[in-house]
Amino acid sequence: MAASTSQHALSSIKFWSTSNFSLEKPTCHVHSVSVGRRCPSARSLGLVCASNSQSSVVEPVQLPGSPKSGITPKKSSESALILIRHGESLWNEKNLFTGCVDVPLTPKGVEEAIEAGKRICNIPVDVIYTSSLIRAQMTAMLAMMQHRRKKVPIIVHNESEQAHKWSQIYSEETKKQSIPVITAWQLNERMYGELQGLNKQETADRFGKEQVHEWRRSYDIPPPNGESLEMCAERAVAYFKDQIIPQLVAGKHVMIAAHGNSLRSIIMHLDKLTSQEVISLELSTGIPMLYIFKEGKFIRRGSPAGPSEAGVYAYTKNLAQYRQKLDGMIQ
Ligand SMILES: O=C(O)[C@H](O)COP(=O)(O)O
């Protein structure tokens, strides 16, 4: 069921295919390193305190082609991959374990999402993936409202044939001015089991700080009746490989709005973090992180501090050109 829904989703993206924007050779590499507050590991630098805008030195992940998709990688093309954890939710504010409980953003979370949108407003986006939870969807939509290209993000409804049929768009021109938003439960926050709804501080007082830290940050120890990061990775990383990598291989620019732990598992995969290193990986709410996908490799670019930050745009001539094109359209 999930697989066929995903296939539907993929075919609608092909159908919706928008820009063929292709990025060229990098013009320079930035080798400054952003230092996170809590993570001493060089491999997770720039991710802990993701508000730091500097790019990081990262050994690119070597990926095979995409045998399943049958898509031939475009040698000269580069794609942008933006990852963003949702803005602050009402339960983040109350310090409650949330997991798969579907809680909306706070006004501060709304602001964070808008701010994130401003930071990526010059970076191309052809398709958006979000979890099935409202906090990630709100974040994606609010962020895209800030994008200078002004395309309309539209949620793809493939949950039933009728939903698919009833949400069709009958103008090719309108489709070109839209960005498909694919929602996938596989990108949901880890299921926090019997911790969902409990106060994090009170839980630490009751079970001990170490135990709670182990539940929250270890790779393979699940919280009571919940998912470990490893279990969360089994569905989130599988979805990323099956559905999202083929888009990048095809030259599409992708944004993923998801959650602390589903994104930790994806970053662990991209940056080849060990199960020890991932313990220190913390993601702030509402901070976008940029990767460039080129010739099967992911290159981490850190977090753009602002729409015109040189560090991000200096990297590829075509990111800069895309921005110039937007400047031209807006004048
Ligand atoms: O689900 C939650 O409670 C949070 O979104 C993430 O919680 P964590 O910081 O304990 O992983």
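This is a short walk through the fold, two helix contacts, a buried strand and a few individual residues of the structure above.

Okay, hi everyone. One thing before we start: what you have on screen is a predicted model. Let me begin with the whole protein and then zoom in.

So, the overall count. We have twelve helices and eight strands here. The protein has 331 residues, and 54% of them are buried. Then there's the contact range. If you take the contacts with a separation of 6 or more, 78% of them are between residues 24 or more positions apart.

Right, let's go to the strands. Have a look at E5, residues 178–183. How much of E5 is buried? Five of its six residues are, so this strand is largely enclosed by the rest of the structure. Who are its partners? E3, which is residues 127–130, pairs with E5 in the parallel sense, over three bridges. If you want a landmark for that pairing, find Tyr129, which stands opposite Ile182 in E5. Then there's E4, residues 152–155, which also pairs with E5 in the parallel sense, this time over four bridges. The landmark there is Pro153, whose bridge partner in E5 is Ile179.

Now the helices. I've picked two contacts. The first is H3 with H4, and H4 is residues 134–145. Their axes come within 7 Å and cross at roughly 45°. That angle falls in the range that makes H3 oblique to H4. As for handedness, H3 passes H4 in a right-handed crossing. On the H3 side you've got Val110, Ala113, Ile114 and Gly117, and these meet Met138, Thr139, Leu142 and Ala143 on the H4 side. What kinds of residues are those? Six are nonpolar, two are polar, and none is charged.

The second contact is H9 with H10. H9 is residues 229–249, and its axis comes within 8 Å of the H10 axis, with a crossing angle of roughly 70°. Anything from 65 to 115 degrees counts as roughly perpendicular, so that's what we call H9 and H10. This crossing is right-handed. From H9, the residues taking part are Leu229, Cys232, Ala233, Ala236, Val237, Phe240 and Lys241. They meet Asn261, Ser262, Arg264, Ser265, Ile266, His269 and Leu270 in H10. By type, that contact divides into eight nonpolar, four polar and two charged residues.

Let me stay on Ala233 for a second, since it sits in H9. Is Ala233 buried or exposed? Its relative accessible area is 11%, and the cut-off for buried is under 20%, so Ala233 counts as buried. If we skip its neighbours within four places in sequence, Ala233 is in contact with Ala238 and Ser265. You can also line it up with His269: the two are 36 residues apart in sequence, and their C-alpha atoms are 8.7 Å apart in space.

Moving along the chain past H10, we come to the loop that joins it to E7. H10 is residues 260–270 and E7 is residues 288–294. Val278 has its place in that loop. And how accessible is Val278? Its relative accessibility is 0%, so it counts as buried. What does Val278 touch, leaving aside neighbours within four places in sequence? The answer is Tyr219, Leu229, Arg264, Met268 and Leu273. You'll recognise Leu229 and Arg264 from the H9–H10 contact a minute ago. Met268 is ten residues from Val278 along the chain, and their C-alpha atoms are separated by 6.5 Å.

Lys272 lies in that loop between H10 and E7 too. At 47% relative accessibility, Lys272 counts as partly exposed. What I'd point out is the backbone: Lys272 has a positive phi, about 50°, although it is not a glycine. As a reminder, most residues other than glycine have a negative phi.

There's another one of these to show you. Asn95 isn't a glycine either, and it has a positive phi of about 60°. You'll find Asn95 in the loop between H2, residues 90–93, and H3, residues 107–119. With 33% relative accessibility, Asn95 counts as partly exposed.

And that's my tour. Happy to rotate the model to any of these spots.

Technical notes
Residues numbered from 1 in each chain as written. Predicted model: local features only at pLDDT ≥ 70, side-chain atom pairs only at ≥ 80, totals over all residues. Heavy atoms only, no water. Helix = DSSP H or I, 4+ residues; strand = E, 2+ residues; numbered from the N terminus. Buried < 20%, exposed > 50% of the residue type's maximum accessible area, 1.4 Å probe, protein only. Contact = heavy atoms within 4.5 Å. Axes fitted to C-alpha atoms, helices over the stretch in contact; angles between N-to-C directions. Parallel < 35°, antiparallel > 145°, perpendicular 65-115°, else oblique. Left-handed = near helix turned anticlockwise from the far one by under 90°. Nonpolar A, V, L, I, M, F, W, Y, C, P; charged D, E, K, R; others polar. Pairing = 2+ DSSP bridges.
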